[in-house]
Amino acid sequence: MELGRRSLLASGAAAAAVTSLPRLSRAQAANTIRIGVLNDQSGTYKDNTGPGSVACAQQAITEFGNRGFNVELIFADHQNRPDIGVNLARQWYDQGVDMILDVPTSSVGLAVNNVAREKNRACINVGSATSDLTGAQCAPTMIHWAYDTYMLARSTGGAMVKAGGDTWFFITADYAFGHALERDTGNFVKAAGGRVLGQVRTPFPATTDFSAFLVQAQASRAKVIGFANAGSDTINCVKQAAEFGITRRGVKLAALLMFITDVHSIGLETGQGLVCTESFYWNLNDRTRAFTRRVLPRMPNLYPNQIHAGCYSATLHYLKAVADMGVAASKASGTEVINRMKAMPTEDDAFGAGSIRADGRKLCPSYLLEVKSPAESTAPLGLLQGAADHRGRGGVPAAERGRLPAGAELARKAQGRGDSPPEIRTGTIPCRPPAAP
């Protein structure tokens, strides 16, 4: 299937004034699925979502091929503002958009989730992290793909506590995402016998100077400073902490949400030893490398992260569900197409085999990764190495467990860019029991 017309919708800073979507004839509209990628195209999360998410959704549409209906992809910048995101979502759904994709920035994601429920239209959230999307704000029209704050807290936070980091101070982005990440990580720290000594909330998205917050964190004498933020906020925190020599005094830094794009910006000299959790890493195995090779021509200056890969995976699975139930039925009810997606096993090169929980959480393995030292990195964007494979309950069928080769065998099978993929040590991290929407 050829990619349909692509429209960049302009959104104003003061009001969400957008151009109207091109009108389709009745016959065209009946046989066209419209997908809208709604994310940050210009701000704090541009590199982590933005054009990369659009490119990966395009890749999925191309690979899906011709199944008897057309697919049109549009995208817009919500500027990390809930009011703009809500107005765009309402206009899109009213003008015939069938599914909204990505929606980073948890305050925007939660708001758009409510619009999708109200309109009975599908929303697949990949970019927002808050676990409230499958908790208090669970909706039958939504699936949460790739990652959430519970996963990040359990993996990265849990690893830091086990390594001796039993006292924490949080530097937290002051909106829904930061609050959820601080809450979930703090709960795991306390459950493991640790203590939270304090926290400070930083204005979002206006903050670039974190020096005062870092001084306050250091004064708490906490063993770990947890950055409950993301994107350029995390990059600035890590760089400024290095300038202050905080890690030389024995304090550990926990970047609770960090992407390969962030590591590239921070640099290995400053970032070496930081740990992060991702459900996708481009150099994990043959399938992730193959997907990356296919999508790189669409995003030549950016390697895909878990959000980008999630947009590919979610789009592909959504289109499979549409083909399975028929275009008319999928357009008639967002709830029904989401139910069909939940009933179908997921399978793609980015995440392998997986499933979708009853509350809408897409399940797949997640990996605790450590930033390499400059001496250990031998290839472009070969920045991460494995620390553990955290398989959520139900995320991978029992028959699949243990199939990932470890250590030297993985290195022997490495192909493409010459960088050895991570060594994987398996362990199990249970997910929360499902809560029906």
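The buried residues of helix α6 are covered by a set of elements that includes α4 (106–119), α5 (149–162), β7 (167–173), β8 (195–202) and β9 (224–228). That makes α6 a good place to start our walk through this structure, which is a predicted model. The helix itself runs over residues 176–191 and holds 16 residues. From first C-alpha to last it reaches 22 Å, close to the 22 Å expected at 1.5 Å a residue. If you would like to pick out the residues that sit under that cover, look for Phe-177, Gly-178, Ala-180, Leu-181 and Glu-182 in the earlier part of the list, then Asp-184, Thr-185, Gly-186, Phe-188 and Val-189. An α-helix has 3.6 residues a turn, so residues three or four places apart point the same way. After the helix comes Gly-193, with a positive phi near 95°.

Let's step back for a moment and take in the whole chain. It contains 15 helices and 17 strands. Of its 437 residues, 59% are buried. The accessible surface comes to about 16100 Å², and carbon and sulfur atoms account for 50% of that area. The contacts tell us about the fold as well: among those between residues at least 6 apart in sequence, 72% join residues at least 24 apart.

A second helix to visit is α2, which covers residues 50–64. Its 15 residues should span 21 Å at 1.5 Å a residue, and the end C-alpha atoms are 22 Å apart, so the two values agree. This helix is mostly covered, with 12 of its 15 residues buried. The buried set begins with Gly-50, Gly-52, Ser-53, Val-54, Ala-55 and Cys-56, and continues with Ala-57, Gln-58, Gln-59, Ala-60, Ile-61 and Phe-64. What do these buried residues of α2 pack against? They meet strands β2, β3 (70–77) and β4 (99–102), together with helices α11 (286–295) and α12 (306–325). Just as we saw a positive phi at Gly-193 after α6, α2 is followed by Gly-65 with a positive phi near 80°.

One of the strands packed against α2 is β2, and it brings us to a charged side chain worth a look. Arg-34 lies in this strand, which spans residues 32–39. Is Arg-34 buried or exposed? Its relative accessibility is 5%, so Arg-34 counts as buried. The side chain of Arg-34 reaches the backbone oxygen of Gln-95 at 3.1 Å. Leaving aside residues up to four places away in sequence, Arg-34 touches Leu-21, Pro-22, Leu-24 and Glu-72, as well as Gln-95, Gly-96, Val-97, Asp-98 and Met-99.

Further along the chain, a small set of strands is easy to trace by eye. Strands β12, β13 and β14 make an open sheet of 3 strands in the order β12-β13-β14, with antiparallel pairing. In this sheet β12 and β14 stand at the edges, each with a single partner strand, so one side of each is left without a neighbour in the sheet. Strand β12 (residues 346–348) is joined to β13 (residues 352–356) by 3 bridges, and a hairpin of 3 residues connects the two. Within that pairing, Thr-346 has Gly-354 as its bridge partner, while Asp-348 is matched with Gly-352. On the other side, 2 bridges link β13 to β14 (residues 362–363), and here Ser-355 stands opposite Leu-363. The hairpin of β13 and β14 has 5 residues between the strands, and in it Gly-360 takes a positive phi near 100°.

Next comes strand β15 (residues 366–371), where 5 of the 6 residues are buried, so the strand is largely enclosed by the rest of the structure. β15 pairs with β11 (residues 275–278) in the antiparallel sense over 4 bridges. One of the facing pairs there is Cys-276 in β11 with Leu-369 in β15.

That cysteine leads to a last topic. How many disulfides does the model contain? With a disulfide taken as a pair of cysteine sulfur atoms within 2.5 Å, the count comes to 0. As for where some cysteines sit, Cys-138 is buried, with a relative accessible area of 8%. Cys-237 is likewise counted as buried, at 0% relative accessibility.

Key:
Residues are numbered from 1 along each chain as its sequence is written. This is a predicted model: local features need pLDDT of at least 70, side-chain atom pairs count only at pLDDT 80 or more; totals for chains, interfaces and linings use all residues. Side-chain values use heavy atoms; hydrogens and water are left out. Buried means under 20% relative accessible area, exposed over 50%, partly exposed in between (1.4 Å probe, protein chains only). Contact means heavy atoms within 4.5 Å. Accessible areas come from the Shrake-Rupley method with a 1.4 Å probe; for residues, only the protein chains shown count as cover. The expected span of a helix is 1.5 Å times one less than its number of residues. A polar contact is a pair of N or O atoms within 3.5 Å; within protein, one must be able to donate a hydrogen and the other to accept it, and residues adjacent in sequence count only if both atoms are side-chain atoms. Two strands pair if DSSP finds at least two bridges between them.
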